[in-house]
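User: I would like to go through this structure with you, one question at a time. Please reason through each answer before you settle on it.

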Amino acid sequence: MKHGPLLMVVASLLCFVSTAHAVVIGYFPGLDKLIEQADAIVILRIDANKVEFPNSNLLSTHDCYIYQTLKGDIPANKRITLRLMDTRTEPQTPFGHGSTHLMFLMKTKDEPTAYRTLSVQGANVRLSDLGHEKTPKGETVKERVLTLIKSAIEYRKKEHEEEQAFLDGLMEEQPEPADLTERSKKK
């Protein structure tokens, strides 16, 4: 077993090399700084996942439909391919087909797409999936972003309450019928 120590060194080096390219997601710099750092701020919908799992830079490639452009020159009401990064702290990917996001993007050089997500917390905010055809309320970019964040909070709260009500219903011995016609017969 002369190769045992050598294999351990090689394995250690491979682990080091494979993690050395990882991207560090920066802390939330504040909303004003985040807006300032972004070359583009858009409301987008994920239409297709071209590369489902992120690469070593935590980026995955998606075909996106741009509902609104709050900052920058990405055309609205068009499809564009973007490299997106999940900058949240949740373990599951938010980039499901049809999901809608407020994304803070930067222009790229020598990359397969013209834009990608800024690598700081807050650069990806999951929004409700409906109602993004209208410009958000507010005169400034910051006011519009705040409107979207407030609606995301309301959406998440409602989503959580509905899930909690369903889970509570699972605990009941005789749950309410799921079918609306059966509910109306009971009343």
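**Core and surface**

Analyst: Please keep in mind throughout that this is a predicted model.

User: Is F166 buried or exposed?

Analyst: F166 is placed in helix α3, which covers residues 141-171. Its relative accessible area is 52%, and the cut-off for the upper class is over 50%. F166 is therefore exposed.

User: Which residues form a nonpolar patch on the surface, and what is their accessible area together?

Analyst: The patch includes F166, a residue of helix α3. F166 is joined in this patch by L167 and L170, and the accessible area of the three together is about 310 Å².

User: Is L59 buried or exposed?

Analyst: L59 belongs to strand β2, which runs over residues 59-71. The relative accessible area of L59 is 4%, and the cut-off for the lower class is under 20%. L59 is therefore buried.

User: How far apart in space are L59 and M85, C-alpha to C-alpha?

Analyst: In sequence, L59 and M85 are 26 residues apart. In space, their C-alpha to C-alpha distance is 4.7 Å.

User: Which residues does V145 touch, leaving aside those up to four places away in sequence?

Analyst: V145 is one of the residues with the most contacts inside the largest nonpolar core, which has 19 residues. Among the elements that give two or more residues to this core are α2 (31-37), β1 (40-49) and β4 (100-107). With residues up to four places away not counted, V145 touches L31, I35, I41, L70, L102 and F104.

Notes: Residues numbered from 1 in each chain as written. Predicted model: local features only at pLDDT ≥ 70, side-chain atom pairs only at ≥ 80, totals over all residues. Heavy atoms only, no water. Helix = DSSP H or I, 4+ residues; strand = E, 2+ residues; numbered from the N terminus. Buried < 20%, exposed > 50% of the residue type's maximum accessible area, 1.4 Å probe, protein only. Patch = residues over 30% accessible without salt bridge, like charges linked within 9 Å, V, L, I, M, F, W, Y side chains within 5 Å. Areas by Shrake-Rupley, 256 points an atom, 1.4 Å probe, with all protein chains shown as cover. Salt bridge = Lys/Arg side-chain N within 4 Å of Asp/Glu carboxyl O. Core = buried A, V, L, I, M, F, W, Y, C linked by side-chain atoms within 4.5 Å. Contact = heavy atoms within 4.5 Å.
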